[in-house]
Amino acid sequence: MNKTKQNLLGSYLVREKWLLVLITVTGILYNLGIIAGPYFEGQLAQTLSDILNGLRTKEDMFRLALIYVGVIGFVQAVRAVKRLYVRKFANNLNRRMKDTLYGNLIHEKAGASDDGTMMTKALSDVDDCVEGIRKSVTEIFDTGVALIAYLFMLTFYDLRLTVLVLLFPPLAYVIAERLKKPVTESAAALKKSTGVLNGRTLDRVQNALVYRVHGQERHQNELYESVLTDYEKRAVISNIFANAMQPLYHIVSMIGAFLILWLGSRYVRSGYWNIAAFSAYLACFVKLAVKSSKAARLFNAIQKAKVSWGRVRELLDPPYEDAPADPAEPADLRVSGLSYRYENGPEILHNVSFTAQPGQIIGVTGEVACGKSTLGKVFLPVNAQAAGTPYEGQILWSGTEWSALPQDRRYISYQGHQPELLTASVADNVCLGADSTDLAGILDTVSLTDEIRDLPEGADTVLGESGTTLSGGQQARVALARTLAHPAPLYVLDDPFAAVDMPTETRIFSRLRDPGAIILLITHRITHFDEVDKVLWMENGTVTESTHEELLAGSEKYRALWNLQKGGAENA
Amino acid sequence: MRKTKASDPLGKGLARAVWQHRFLTLLLVLMIAASVIISVYPPLVLAELIDHILEGNILRYAILYFALTALGGLTDSGREVLIAVFGQKITHSLRSIMADKLYRLPAEYYVTTESGVTVSRIVNDVSAVETLFTSGIVSMAADVCKVISILIVVFTRSTGLGMLLILLLPVLFYITRLFQKRMLAAQKDRQKAVGSANAQIPETLHNLRALHVFRAEGWMRKRYSRFIRDGFQAMERSNFYDAIYSPIILFTSAFLVAVMMCCASAGGRFASLFGLTVGGAAAMISYVSKIFEPLEAIGMEIQNVQTAFAGISRIRELLQAAERVCPPETAEPVPDTDTQPGAAVNSTADPVVSCTDLSFSYVPEIPILRDFSLELMPEESVTLAGRTGIGKSTLFKLILGLYTPQKGTIRVFGQDPEEIPDAWKRFLYGYVEQTFRPVPGTIEDQISLSDPRISREAVLAALDTVGLLPTVEALPEKEQTAFSAGLFSQGQLQLLSIARAIAADPKLLLLDEITSGLDSLTEARVLDALRKACENRTVFSISHRLYEQTGGRRIVLERPDGTAESADSAPVPSC
């Protein structure tokens, strides 16, 4: 288990292998190249000395200077490339991880997850993790390789002196490590004091009038003053530990520089070193002292990356494949003995049976809470259903059980009560990336053509959060358009006309019928039920499969509903 | 409303804070100067050392070099300490000024401004001002001094190099600022793209059903991926500037060094212009690398100052907000709770509260009270009735001195309520709000409000009166238990509210409608506690239920356009 997860990070890195190679080459080149600075600067001083003493000519200097600028230019160019590509590498890594996270999120079951807090946390963990990896990669070269390069150059000039002077930077490091405890302690104390300050400030403001009517404001300000004093003290101490110690460690490191000046000048006098060696050695040591103080960063960076990787790796399972599915062929639908309940809930549907053929419109109606919406939801794909138990009974699609249909085809297109619109353009909301959709035709079917044309950018107008730029009726019609833009052999339309006026409803209804599809029209508005092929009348989770005419004759409730609505419609 | 407006209270406050800590400020300036000057010297010593290296006697140079380095480290360290202290002193002073402002703000401010906003001014924006001082102005001054002092030294040693630097510095500084601005812009773009990507997550979860039904998962993934990519493209722009900035600076230094060395060795006029010894050359190389360091820092500091300005203008706004009339500070001793408070003005014949021809409105268009008059005699119990929103609580707030009436007078124990010294308030009147407002601290603190004049005994007595003593004594640390709302039921919280009001044994009690939203059993307990709390006090109440229980005089408040007052005084079965 552990191993495969480790391989997972590896797999992310492998994908970036060319970037990693580039970073490694430039990283090593640059960090070896940094010793060029001190080396050439020493040579420059030496050459100047020689010229002043008449040993060399100015042409020698020109040549050296040209080489110096060229080498530094090359080293810095390599460095720029390295810096740029380390960041690019981190960005790519970050993007891949986030893509994976999102891919897993979108395949979650509807309604099963929280509001996204966990995901948001995971995303910030990815940021931390990648930042840690980036820093580690950077520090491996800029601290690791650089230290080795400096060390190499120092020993090249003189081994004995190097051993001696290199005692001091680690000493500074040891002292710094020792002082780590007060540093973290003072930071923790400051954090605590900050919490108290925030709490007290909030109280002072929130309860200002309570304190005022009790005459306590002055006294509260005095108490607040003591909180401020404590905060001031903690902040100063923490600040001192965080910032004021660094220069002191540097002093310890620089004891080495004193030794170099003293012993190095002897070397020069004895002829063992020239000026170039002397100044290059000194410059090199100073740079090493600065670098070594940052060695701790390398370990911190690796540590941090490890921790956040540990948190996030469980969530980085390989994502699901998502191939868009084409609509399935039309077929007969036969429902028999269907029962359904939500998890831990009472039975909503009881022994429901009906049949339907392609080209039919089946009207489903009944009183409030009769289970008609639930009947529609039973047909949803499992991952789009709210927590529920599997249905009992049979739903046969061309003789195959509905729940066992292969997932490479789309069998249902659905419109629910909620429009479920995205912060995207009208066109995107309707098509959701589906190509070959006749957008104009569909908008016309749902009577949106004029209204969409009046939007600032037509169908490319981006709707506000959850489609709030549009009215409720418009949102419902965009949702209906989306359903129609995703053809399937079974349409389940749950209350599609809820926020639509009667003429529009009539217009939409007249265009709904599709010879290649069954339409399950769930609604409490039955003004067009005289045009449907079949009516399912629902009462308390049971279904009476009938026709408009039969129900009008046989069901008193249906007749009452019809007269009420038809009368209202004719008066309108 | 009486308003006082200082021209620039923030500027004055800061100036006062700096003046108050003038020695610290002076020390800070000196330390910065010392640190700058000392940091300039080591290369010069090194130059001397190299120039005398063959003469043998260089130990003193080595010691001097080390001493200067060490001293430089010490002054740097000292500077950091002083900056920290100075920054915190400023922060502290500013927050004290703002706390004082809280005292002066009118009640209206607290009603109309979200407390989170005010807290953010005091906590976050003041931190921004601290940054302005420490990471902004002070560091910028130090860095500018550093550049100037290096320039001066370079000029004394090598006029040619100095001139080259003078030419190059503005160019490099311009590049620095340009890069920083571009990076900031790129970062803003990135924030925007990241925001879109983040917003897609709750949206995805919210619309999962539709996305699954329509098999739009792949499309949504592409969409998300595009937002992330947009974010990173913006970031890559910023990375590009970041990646090439430092190499450009270092290459420029190398180029300068090369030019200087060539000129120095060219002989003739050039050589005299650059006039270098070997040691001098080494020193100049070191200066060239040092002079560019502060450039980047100065650029960042400019950015810091700019961001801090937004916070500063918000603080200024708060400090310039209209103020109330503050009550006088009194030298009089705190009235003794045992004797009649305010005895001098409160003989039995004088009313405890009197309102005469009172008119008040929050906004001129909607009058709340018009020509309202009322007298409350000692130990009288009066209930104020009237429909919701008619102004009952407003009348209380006027009596409490939270608002100033537009017309008419109010006297509480013969005094203008706005003029009653803070020290006297809770000994004169107690106020029970509709809901209990907890304060941080122990249960005792809830009642005393940390007022040292309220003794532990007084707290316990108040708890006893309202019948909460057994409950509190059952707690692990009794009245010293840290308060949390979970310790008490809704009704018990109301009782705490009453205990808080009577802790200083005031002679007047103002009761807001406190029994609303309680079940009948709890209500009975609260009413019982209230009855006890009302004993021997003048009571002015809005509580309808209390009136039913205890009777007293009843005043019905009506809309100002109708009759202002219709008092149906019933004979009082005194409470």
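**Close-up views of a predicted two-chain model**

**Figure 1. Loop carrying A:Asp495.** A:Asp495 lies in the loop that links strand E9 (490-494) to helix H19 (502-512) of chain A. The structure shown here and in the other figures is a predicted model. A:Asp495 is not a glycine, yet its phi is positive, near 55°. With 18 other C-beta atoms within 10 Å, A:Asp495 is partly exposed, because a buried residue would need 20 or more.

**Figure 2. Loop carrying A:Ser398.** A:Ser398 sits in chain A between strand E5 (392-397) and strand E6 (400-401), in the loop that joins them. Its phi is positive, about 55°, although A:Ser398 is not a glycine. A:Ser398 has 13 other C-beta atoms within 10 Å and counts as partly exposed, since the exposed class ends at 12.

**Figure 3. Helix H3 of chain A.** Helix H3 of chain A covers residues 36-52, which is 17 residues. At 1.5 Å a residue the helix should span 24 Å, and its end C-alpha atoms are 24 Å apart, so the expected and modelled spans agree. Of the 17 residues of H3(A), 14 are buried, and the helix is therefore largely enclosed by the rest of the structure. After H3(A) comes A:Gly54, with a positive phi near 75°.

**Figure 4. Contact of helices H5 and H6 in chain B.** The axes of helix H5 (residues 115-157) and helix H6 (residues 159-206) of chain B come within 6 Å and cross at roughly 145°. On the H5(B) side the contact is made by B:Leu151, B:Val154 and B:Phe155, and on the H6(B) side by B:Thr159, B:Leu161, B:Gly162 and B:Leu165. Five of the residues in this contact are nonpolar, two are polar and none is charged.

**Figure 5. The largest nonpolar core and a separate one.** The largest nonpolar core holds 197 residues, and the members that touch the most others are A:Leu520, B:Met261 and B:Ala281. Which residues does B:Ala281 contact, leaving aside its neighbours within four places in sequence? In chain A they are A:Leu44, A:Ala45 and A:Leu48, and in chain B they are B:Met261, B:Ala264 and B:Leu276. A second core, separate from this one, has 68 residues, including B:Leu369, B:Leu395, B:Phe488 and B:Ala501.

**Figure 6. The side of chain B that touches chain A.** In this interface 99 residues of chain B are in contact with 106 residues of chain A. Helix H8 (residues 217-266) of chain B gives the most to the chain B side, with 28 residues. That side of chain B consists of 64 nonpolar, 19 polar and 16 charged residues.

**Figure 7. The two chains as background to the close-ups.** Chain A contains 21 helices and twelve strands. It has 572 residues, of which 41% count as buried. Among the contacts in chain A between residues at least 6 apart in sequence, 79% join residues at least 24 apart. Chain B contains 18 helices and nine strands. Of its 575 residues, 44% count as buried. In chain B, 77% of the contacts with a separation of 6 or more are between residues 24 or more positions apart.

Conventions:
Residues are numbered from 1 along each chain as its sequence is written. Chains are lettered from A and ligands numbered from 1 in the order in which they are written. This is a predicted model: local features need pLDDT of at least 70, side-chain atom pairs count only at pLDDT 80 or more; totals for chains, interfaces and linings use all residues. Axes are lines fitted to C-alpha atoms, for helices over the stretch in contact, and angles run from 0 to 180 degrees between N-to-C directions. Helices (H or I, at least four residues) and strands (E, at least two) are DSSP runs, numbered from the N terminus. Two residues are in contact if their C-beta atoms, placed from the backbone, lie within 7 Å. Ala, Val, Leu, Ile, Met, Phe, Trp, Tyr, Cys and Pro count as nonpolar, Asp, Glu, Lys and Arg as charged, and the others, Gly among them, as polar. A nonpolar core is a set of buried Ala, Val, Leu, Ile, Met, Phe, Trp, Tyr and Cys residues joined through C-beta atoms within 7 Å. The expected span of a helix is 1.5 Å times one less than its number of residues.
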